[in-house]
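Here are some questions on strands and aromatic rings. Try each one before you read its answer.

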Amino acid sequence: MDYIKTMRKWIGHETLFTVGCGMIIENEGKILLQHRTDEDNWCIPGGVMELGETFEKTAKRETFEETGLEVQELELFGIYSGEKCFVEYPNKDRVFSVQIIFKTSSFSGTLKQTGDESREHRYFEKSGLPGNLNPRQKEFIQDWAEGKKTPVLD
């Protein structure tokens, strides 16, 4: 994240615009979620786009880094924007992040359970999602569980 660190040196805690790309991985009707190490909540794999990357490349890179899985046959699930995309982190950094969310059931590799960003990975049924979903991702995880028509443009 050299870009973000560099920008933070210039703008301090002021609002930074970013693009996040996430991946809904389905397996037998269940969604793969990761339990974050930095927060006690569950989210989908994903992260911030680097300069020059495509949405798809970002989603694939972040998914591999966080899960060890290589994803194929990505389908656009939704684009999330608007007031709800403003976030203030505990360190007072503010971000406005548009979220590009993909979905797939085509993947290979061995799922790693822990890493720098995750304590555990687990598949959840639509009716059995954990109560402590990441507040910044809750909307699109619930949209998936509700079977919203895709792509969701919000």
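The questions below concern a predicted model.

Q: Which residue in β8 stands opposite Gly78?
A: Start with the strands. β6 covers residues 75-80, and five bridges join it to β8, residues 94-104. The two strands run antiparallel. Opposite Gly78 in β8 stands Ile101.

Q: Do β6 and β11 run parallel or antiparallel?
A: β11 is made of residues 152-153, and two bridges join it to β6. Within this pairing, Ile79 stands opposite Leu153. The direction of β6 and β11 is parallel.

Q: Are the rings of Trp42 and Phe124 stacked or edge-to-face?
A: A search of the whole structure finds four aromatic pairs. In one of them, the ring centres of Trp42 and Phe124 are 5.0 Å apart. Planes over 60 degrees apart count as edge-to-face. The planes of Trp42 and Phe124 are at 80 degrees, so the pair is edge-to-face.

Q: How many residues apart are Trp42 and Phe124?
A: Trp42 belongs to strand β3, residues 42-43. Phe124 belongs to strand β10, residues 118-124. The pair links distant parts of the chain, and the separation in residues is 82.

Q: Is Trp42 buried or exposed?
A: Buried means under 20% relative accessible area. Trp42 has a value of 5%, so Trp42 is buried. Its partner Phe124 has 7%, so Phe124 also counts as buried. For Trp42, then, the word is buried.

Q: Lys126 lies over the face of which residue?
A: For a lysine, the NZ atom must be within 6 Å of the ring centre. Lys126 lies at 5.1 Å from the ring centre, and the residue is Trp144.

Terms used: Residues are numbered from 1 along each chain as its sequence is written. This is a predicted model: local features need pLDDT of at least 70, side-chain atom pairs count only at pLDDT 80 or more; totals for chains, interfaces and linings use all residues. Side-chain values use heavy atoms; hydrogens and water are left out. Two strands pair if DSSP finds at least two bridges between them. Helices (H or I, at least four residues) and strands (E, at least two) are DSSP runs, numbered from the N terminus. Rings of Phe, Tyr and Trp (its six-membered ring) pair if their centres lie within 6.5 Å; planes under 30 degrees apart count as stacked, over 60 as edge-to-face and the rest as tilted. Buried means under 20% relative accessible area, exposed over 50%, partly exposed in between (1.4 Å probe, protein chains only). A charge sits over a ring if NZ of Lys or CZ of Arg is within 6 Å of the ring centre and within 35 degrees of the ring normal.
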